[in-house]
Amino acid sequence: MKYLEFFTIDVWTMIFTLVNMFIVYVIVKKLLFKPVLKVLDRRDAEIKKIYVDANEANAKAQTLEKEYSEKMANAKDEAGEIIKQATLSAHRREQEIISAAQEKATLMTKKAEAEIEQERKKAYRDIRNDISDISVAIAGKMVKKEISARDHASLIDEFIENVGE
């Protein structure tokens, strides 16, 4: 029983303790919980804003990446088209140059053939004129004198020498 005195229940002490506890609770609630909750709410709002900003930045980065990919694809297509056009243009130019060279070669060949034909005709006319002149000269000499074997050989030699000129 000794220990029971130590553990006695006093109603007024209990009421006083409950009232003290209620007062401390109200003070702590007003002075500590509300500011701490405000700080926590503010921090929560900042974190949510950071997540929203991060999601927006991620979406924007994905959009930019998609645009970049499209632009790169378009650039590759455009570069391929430019190369194709340049190749076609070079091929056309090559054909034009080859055609012009062939036409020039054909023209030069025809011109050379015409010049050769003119030179041949001129040489033929010159030989004919020379032969006519020689024939007239021989006929004239024959009429003037009777031809002996020796004269005949000398006339042939003279004719051959004149033809060479």
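Here are some friendly notes on the model above, point by point.

1. Confidence comes up front, as this is a predicted model. The protein chain has an average pLDDT of 84, and 82% of the residues score at least 70. Helix α1, which covers residues 2-6, has the lowest confidence in the chain, with a mean of 58. Helix α2 sits at the other end of the range, with the highest value, 89. You may want to keep those two numbers in mind while reading on.

2. The fold is quick to describe. Three helices and no strands would be the short version: the count is 3 helices and 0 strands. Read from the N terminus, the order of elements is α-α-α. Helix α2 takes in residues 11-144, and the contacts described below sit in that helix or start from it.

3. How much of the chain is buried? Of its 165 residues, 1% count as buried. The accessible surface amounts to about 15600 Å², and carbon and sulfur atoms contribute 63% of that area.

4. On to charges. Side chains of opposite charge can pair when their charged atoms come close. Searching the whole structure turns up 5 salt bridges. Three of them, among those found, are worth a look in turn: K48 with D44, R93 with E96, and R120 with E117.

5. K48 and D44 form a salt bridge through their side chains, with an N to O distance of 3.5 Å. Both residues belong to helix α2 and are 4 residues apart, which is about one turn of the helix. D44 counts as partly exposed because its relative accessibility is 36%, between the 20% and 50% cut-offs.

6. Further along helix α2, R93 and E96 are 3 residues apart, again about one turn of the helix. Their side chains meet in a salt bridge at 3.5 Å, N to O. Are these two partners buried or exposed? Neither label fits: R93 is partly exposed at 49% relative accessibility, and E96 is partly exposed as well, with a relative accessible area of 47%.

7. The salt bridge between the side chains of R120 and E117 has an N to O distance of 2.4 Å, a value you might like to check by eye. Why are R120 and E117 separated by about one helical turn? Because they are 3 residues apart in helix α2. R120 is partly exposed, with a relative accessible area of 47%, and E117 is partly exposed with 31%.

8. Which residues make up the positive surface patch? K29, K30, K34, K38 and R42 form it. One of them, K34, lies in helix α2. With a relative accessibility of 40%, K34 counts as partly exposed, so it clears the 30% that patch membership asks for.

9. One last pair is A137 and L155. A137 is part of helix α2 and is partly exposed, its relative accessible area being 39%. How far apart are the C-alpha atoms of A137 and L155? They are separated by 10.0 Å, while the two residues are 18 residues apart along the chain.

10. To pull the main threads together: the chain has 3 helices and 0 strands, 1% of its residues count as buried, and confidence is highest in helix α2. The pairs K48 and D44, R93 and E96, and R120 and E117 each lie within that helix, about one turn apart.

Key: Residues are numbered from 1 along each chain as its sequence is written. This is a predicted model: local features need pLDDT of at least 70, side-chain atom pairs count only at pLDDT 80 or more; totals for chains, interfaces and linings use all residues. Side-chain values use heavy atoms; hydrogens and water are left out. Patches are made of residues with over 30% relative accessible area and no salt bridge: like charges are joined within 9 Å, nonpolar side chains (Val, Leu, Ile, Met, Phe, Trp, Tyr) within 5 Å. Accessible areas come from the Shrake-Rupley method with a 1.4 Å probe; for residues, only the protein chains shown count as cover. A salt bridge is a side-chain nitrogen of Lys or Arg within 4 Å of a carboxyl oxygen of Asp or Glu. Lys and Arg count as positive and Asp and Glu as negative; His and the chain ends are not counted. The place of a charge is taken as NZ of Lys, CZ of Arg, CG of Asp or CD of Glu. Helices (H or I, at least four residues) and strands (E, at least two) are DSSP runs, numbered from the N terminus. Buried means under 20% relative accessible area, exposed over 50%, partly exposed in between (1.4 Å probe, protein chains only). pLDDT is the predictor's confidence in each residue, from 0 to 100.
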